[in-house]
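Q: Could you take me through one part of this structure slowly, as I'm new to it? I'd like a close look at the place where the two chains meet, and at what sits behind it.

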Amino acid sequence: MRVKVKFLASLAERFGRREVDVNAAAGVTAEQVWAQVTGGAAMPPNTLVAINKEYAGRGKSLADGDEVAFFPPVTGG
Amino acid sequence: MKIEVREQPFEPWTEVAAYERKALKPGACGAAAVFVGTMRDMSGDDRVQAMRLEHYAGMTEKHLARIAEEAMRRWPVNDALILHRVGDLKPGDPIVLVAAWSAHRADAFAACRFLIEDLKSRAPFWKKEQLEAGVRWVEENTPG
């Protein structure tokens, strides 16, 4: 299945890209996609995850066409 | 209710007045609570020269609309306005405007406080500061 992966803020700088489309196994979780795309980099403990622009746990499974985003703690306002 | 993420600088008091004229029925609200967040020139012990604000387009607006709707459910609030800057800012530039209108002050204050606290802890914005020594991402917001 196809999944869109987004990195935001400092994570986009760290990995040198903001968005990548990947082929992923059916039922893969957000953290498994992170490992696939980052070459097995450890996910910083404070990383936040959103699936289809809603906060989600890193162990949540993805479906075909999903957008999963990884980002650091937010600092707006 | 209005939610906006804006690339250009804004003047918060003009925005409040314009929104009141456009969206609120004169005489309906006895209270307007307004929070304005402005960029400071210091961060800890460091002088900040400029700042870049990023956001997760799409998720930001969705999240802000949801909390505005939640505020209007939890308190008898007539209307709410959230306006947030992104892009390149200088010290003194307004960053965020949150306003809540209600019949009485307690509900207006409570809704306004809820909106800014949720925005600061959950809305997907990130600040990157330009210091004399280089740039750094802000890693956490101040507690209050």
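A: Here is a walk through the contact between the chains, followed by the sheet in chain B.

First, some ground rules: this is a predicted model, where local features need pLDDT of at least 70 and side-chain atom pairs count only at pLDDT 80 or more, while totals for chains, interfaces and linings use all residues. Residues are numbered from 1 along each chain as its sequence is written, chains are lettered from A and ligands numbered from 1 in the order in which they are written, and side-chain values use heavy atoms, leaving out hydrogens and water.

So who touches whom? On the chain B side, 27 residues are in contact with 20 residues of chain A (contact means heavy atoms within 4.5 Å). Together the chains bury about 1900 Å², with carbon and sulfur atoms giving 55% of that; buried area is the accessible area, taken with a 1.4 Å probe, that two parts lose on being put together, summed over both. Keep an eye on Y56(B), M59(B) and W126(B): they supply 36% of what chain B buries against chain A, more than any other three residues.

There's charge here too, with four salt bridges between the chains (a side-chain nitrogen of Lys or Arg within 4 Å of a carboxyl oxygen of Asp or Glu). One of them links K62(B) to E54(A), with the closest N and O atoms 3.3 Å apart. Several elements of chain B each bring at least two residues to the side that touches chain A, among them α2 (59-74), β7 (94-102) and α3 (105-122); helices (H or I, at least four residues) and strands (E, at least two) are DSSP runs, numbered from the N terminus.

Now follow β7 back into chain B. It belongs to an open sheet of four strands, ordered β1-β5-β7-β2, with mixed pairing (two strands pair if DSSP finds at least two bridges between them). β1 (2-6) and β2 (31-38) of chain B stand at the edges with a single partner strand each, so one side of each has no neighbour in the sheet. In the middle of that order, β5(B) (residues 77-85) and β7(B) run antiparallel over seven bridges, and H84(B) has V96(B) as its bridge partner in β7(B).

Finally, α3(B) packs on this sheet, touching β2, β5 and β7 of chain B, and its direction makes about 150° with that of β7(B). Such angles run from 0 to 180 degrees between N-to-C directions, using axes fitted to C-alpha atoms, for helices over the stretch in contact.
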